[in-house]
Amino acid sequence: MDSKIIIRKYQPADCKALAELFYNTVHTVNAKDYSREQLAVWATGKMDLAEWNQSFQEHFTVVAVHGGIIAGFGDIDRTGYLDRLYVHWEHQGEGIATAICDRLERAVQGNIVTHSSVTARAFFAKRGYTAVKEQQIERQGIWLTNFVMVKTR
């Protein structure tokens with residue numbers, strides 16, 4: 001990982017930038033594994049920022065900063081549910097997701113569970129997560145595939 005990358009705790013002022021990064025990442029990186037229709041219901045671009053901010057504050061949330069710009073983020077709750085992990089499309093493959101995930105995993109005790117996209121499944125498998133179930137999630141009448149993955153510790 002580039003030494004210029006800083007992993008820091010989430011601040012409420014980050015929320016809008018994280019929402020934009022989420023939208024752009026889903027619509028670029030995940031486009032190889034999901035249809036336009038699926039991407040449109042996964043990341044609509046109409047998020048409730050107050051709701052997202054509350055969720056980020058209730059979870060342990062970290063932000064990766066590269067050159068003064070937010071390059072990724074992730075969050076995990078107290079039960080070990082790794083909720084979100086997104087890296088800016090221009091910073092894929094630079095070790096940012098690994099650095100974020102390392103920090104999130106250290107924040108909790110016990111097993112970690114995530115609902116991984118098709119796109120992220122190999123990343124989590126490489127980290128020792130096992131896919132325990134493939135599932136179909138319905139959003140606005142559109143079905144998306146993801147995987148319940150567990151890292152046993």
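## Close-ups of a predicted model

**View 1. Here's the lining of the largest pocket in this predicted model.** A total of 46 residues line the largest pocket, and the ones nearest its centre are Phe-22, Trp-42, Arg-84, Leu-85 and Tyr-86. The space inside comes to about 1,200 Å³. If you sort the lining by class, you get 19 nonpolar, 17 polar and 10 charged residues.

**View 2. Now let's see which helices and strands supply the lining of the largest pocket.** Among the helices, α1 (15–28), α3 (49–58), α4 (96–106) and α5 (121–126) each give at least two residues. So do the strands β4 (81–87), β5 (112–117), β6 (130–139) and β7 (142–151). Which element gives the largest share of the lining? That's β4, with seven residues.

**View 3. This one is about the open sheet, built from seven strands.** Follow the strands across and you'll meet them in the order β1-β2-β3-β4-β5-β7-β6, with mixed pairing. At the edges sit β1 (5–9) and β6, each of which pairs on one side only. From one strand to the next, the twist averages 25°. A quick reminder: strands in a sheet pair through backbone hydrogen bonds, and they can do this either parallel or antiparallel.

**View 4. Zoom in on the pairing of β3 with β4.** Strand β3 covers residues 69–76, and its pairing with β4 is antiparallel, over five bridges. Look for Gly-74, which stands opposite Leu-85 in β4. You've met Leu-85 already: it's one of the residues nearest the centre of the largest pocket.

**View 5. Here α1 lies across three strands of the sheet: β2, β3 and β4.** Strand β2 spans 60–66. The helix α1 runs at about 90° to β3.

**View 6. Last up is the packing of α1 and α3.** The axes of these two helices are 10 Å apart, and the angle is about 100°, which means α1 is roughly perpendicular to α3. On the α1 side, Cys-15, Lys-16, Leu-18, Ala-19 and Phe-22 make the contact, meeting Leu-49, Trp-52, Asn-53 and Phe-56 of α3. By class, this contact has seven nonpolar residues, one polar and one charged. Phe-22 turns up again here, having appeared among the residues nearest the pocket centre.

Technical notes:
Residues are numbered from 1 along each chain as its sequence is written. This is a predicted model: local features need pLDDT of at least 70, side-chain atom pairs count only at pLDDT 80 or more; totals for chains, interfaces and linings use all residues. Side-chain values use heavy atoms; hydrogens and water are left out. On a 1 Å grid over the protein atoms alone, a cavity is a set of points where a 1.4 Å probe fits but cannot get out, and a pocket is an open set with protein on both sides within 12 Å along at least five of seven lines; lining residues have an atom within 4 Å of a point. Grid points are joined across faces, edges and corners, and a volume is the space filled by probe spheres set on the points. Helices (H or I, at least four residues) and strands (E, at least two) are DSSP runs, numbered from the N terminus. Ala, Val, Leu, Ile, Met, Phe, Trp, Tyr, Cys and Pro count as nonpolar, Asp, Glu, Lys and Arg as charged, and the others, Gly among them, as polar. Two strands pair if DSSP finds at least two bridges between them. Axes are lines fitted to C-alpha atoms, for helices over the stretch in contact, and angles run from 0 to 180 degrees between N-to-C directions. Contact means heavy atoms within 4.5 Å. Angles under 35 degrees count as roughly parallel, over 145 as roughly antiparallel, 65 to 115 as roughly perpendicular and the rest as oblique.
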